[in-house]
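Hello,

Here is the structure you are taking over. My notes on it follow below.

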Amino acid sequence: MPAATLDSCHTPALASWKALGERYIADMSVTTNALGPSQKALDAVIASLRVDTEHYPDAQASDAREALAKFLCIGNKKLILMGNGASELIDLTIRITTGRFRLGPYPAQYSEYERVAHSGNREVIPFDSPLAAGVTVVIRPNSPTGDFMTLPEVRALLDSKEGIFIFDESFLPFMGPNWAEHSAVNLLGQYGSRVMVIHSWTKIWSCPGLRLGSVTTTEENIARMEHIQVPWSCSALAQRFAIASVDDGEYMVKTWAMVRRWKVLILHELECLNEDLHSLGLSVTFQRNENSPLWVPWIFVTTDSEATALLAVEAGEECGVPIRWCRSHGLAASLRLGIRDPDAHETLFRAIKAKFVARMQQAAAHPPAH
Ligand SMILES: Cc1ncc(COP(=O)(O)O)c(C=O)c1O
């Protein structure tokens, strides 16, 4: 039953794409780079597998941190701590803070931070609570809604509220060549240890199976996290992958162009879906978040009802294109569609339309008894 498998826990046990077997076309339930990993980075990992498997990795991840410092346009690699995906750094950053945990200013946000806060018995408060918080988390751009808080807005937030701020910028590198200018990393000089910036490199470099994440903050915060981090959590392969990905500028240029080009086409297809459904006399809607910038690698869609959203999820499963139902975020009428080849989106939208047509025909054949 799709509802249970897609939605029952914060981390699916088995990726839903695998469960689809031969039906599988594309996984829109995730928001990783649709190009897949850089070929150069994959080659580096394969070479590293032969050489590095029998040795412990560099516990300081020196070369990889240096590469990331270059990518983030910061001069000091000591401001970076790497880990086994951003998830490890989410755990560490929350654990070195104290006091209440404040959610970001959106109706829903990536829930792993809140889960860690709950596991530490921390009080969780909404963004607009008048209570003082020890730590606030803002995802920029926010997953799943796709809203983006600009750097001047981030600065205003730091000036108006107390405590430590964690900015999750896992999707910011999709913005384009100047993305690093928009990073909250640039505020470390002014706000010091109140700012911690997390990057999940598994998104832009499409390597969730390899696990690669980092946090950028002051040396003082880094030392506190190193003190409680398990050793060698960033594997030799992941370190090599990071270095090679930073080196592959061509891959980044392709990525930026691909997301924008495909998203324009997909948004057009989505409009056509709405028109088609309306022309059938149906009052269902698939409304995208118009405030979300074009470079964000997914489309956040609010439908007219939970039933419509569920029907779209079922259509996706049946046609080999799983999508993310946002019910676990408390948004049961909403969907998140990762950007993939527009042909796959066309397949999905066709399957959704066919589902509604079939439902109409069924209703016409079996009118309710009076
Ligand atoms: C906003 C955000 N941050 C962090 C993560 C965790 O990433 P990782 O795979 O690097 O642990 C995710 C994963 O979906 C995410 O969406």
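How many of the residues of strand β5 (residues 164–168) are buried? The count is 5 of 5, so to speak a strand that is mostly covered. Please keep in mind that this is a predicted model.

**The strand β5 and its sheet**

The side chains of β5 go two ways: I164, I166 and D168 point to one side, F165 and F167 to the other, and all of them are buried. On one hand β5 pairs with strand β4 (residues 135–139), to which it runs parallel, through 5 bridges. In that pairing D168 of β5 has I139 opposite. With strand β6 (residues 195–200) β5 makes 4 bridges, also in the parallel sense. There, I166 is bridged to M196.

β4 and β5 are also parts of a β-α-β unit, with helix α7 (residues 151–160) as its helix, and the unit is right-handed.

These strands belong to an open sheet of 7 strands, ordered β1-β7-β6-β5-β4-β2-β3, in which the pairing is mixed. The edges are taken by β1 (80–83) and β3 (124–125); each has a single partner strand, so one side of each has no neighbour in the sheet. At the β3 end, strand β2 (residues 101–102) and β3 run parallel and are joined by 2 bridges. F101 has V124 in β3 as its bridge partner.

**The other sheet**

A further open sheet has 4 strands in the order β8-β9-β11-β10, with antiparallel pairing. Here β8 (286–288) and β10 (324–325) are the edge strands, and because each has a single partner strand, one side of each is left without a neighbour in the sheet. Strand β9 (residues 298–303) and strand β11 (residues 334–338) run antiparallel and share 5 bridges. I299 is placed opposite L337 of β11.

**The nonpolar core**

The largest nonpolar core holds 91 residues, and F241, A242 and L348 are the ones that touch the most other members. Helix α11 (residues 236–247) supplies the largest share of this core, with 7 residues. Where does the core lie with respect to domain 1 and domain 2? Domain 1 (2–36 + 251–359) and domain 2 (39–247) both contribute residues, so the core lies between them. As a general point, nonpolar side chains tend to be buried together in soluble globular proteins.

**Two helices**

Helix α13 (residues 306–318) has 13 residues, which at 1.5 Å a residue should span 18 Å; the end C-alpha atoms are 18 Å apart, so the two agree. Its buried residues include T308, A309, L310, A312, V313, A315, G316 and E317. After α13 comes G320, with a positive phi near 85°.

K353 sits in helix α14 (residues 342–365). Is K353 buried or partly exposed? A residue needs 20 or more C-beta neighbours within 10 Å to be buried. K353 has 17 inside 10 Å, so it counts as partly exposed. In sequence K353 is 76 residues from L277, yet their C-alpha atoms are 6.9 Å apart in space.

**What the record says**

In UniProt, an unreviewed entry lists residues 36–285 as "domain: Aminotransferase class I/classII large". Over that range the chain is 45% helix and 11% strand, and the C-alpha atoms at its ends are 31 Å apart.

Regards

Notes:
Residues numbered from 1 in each chain as written. Predicted model: local features only at pLDDT ≥ 70, side-chain atom pairs only at ≥ 80, totals over all residues. UniProt positions renumbered as here; feature names shortened; annotations may be inferred. Buried ≥ 20, exposed ≤ 12 C-beta atoms within 10 Å, placed from the backbone. Pairing = 2+ DSSP bridges. Right-handed = clockwise from strand over helix to strand, strands pointing away. Expected span 1.5 Å × (residues − 1). Core = buried A, V, L, I, M, F, W, Y, C linked by C-beta atoms within 7 Å. Domains from an automatic or database assignment.
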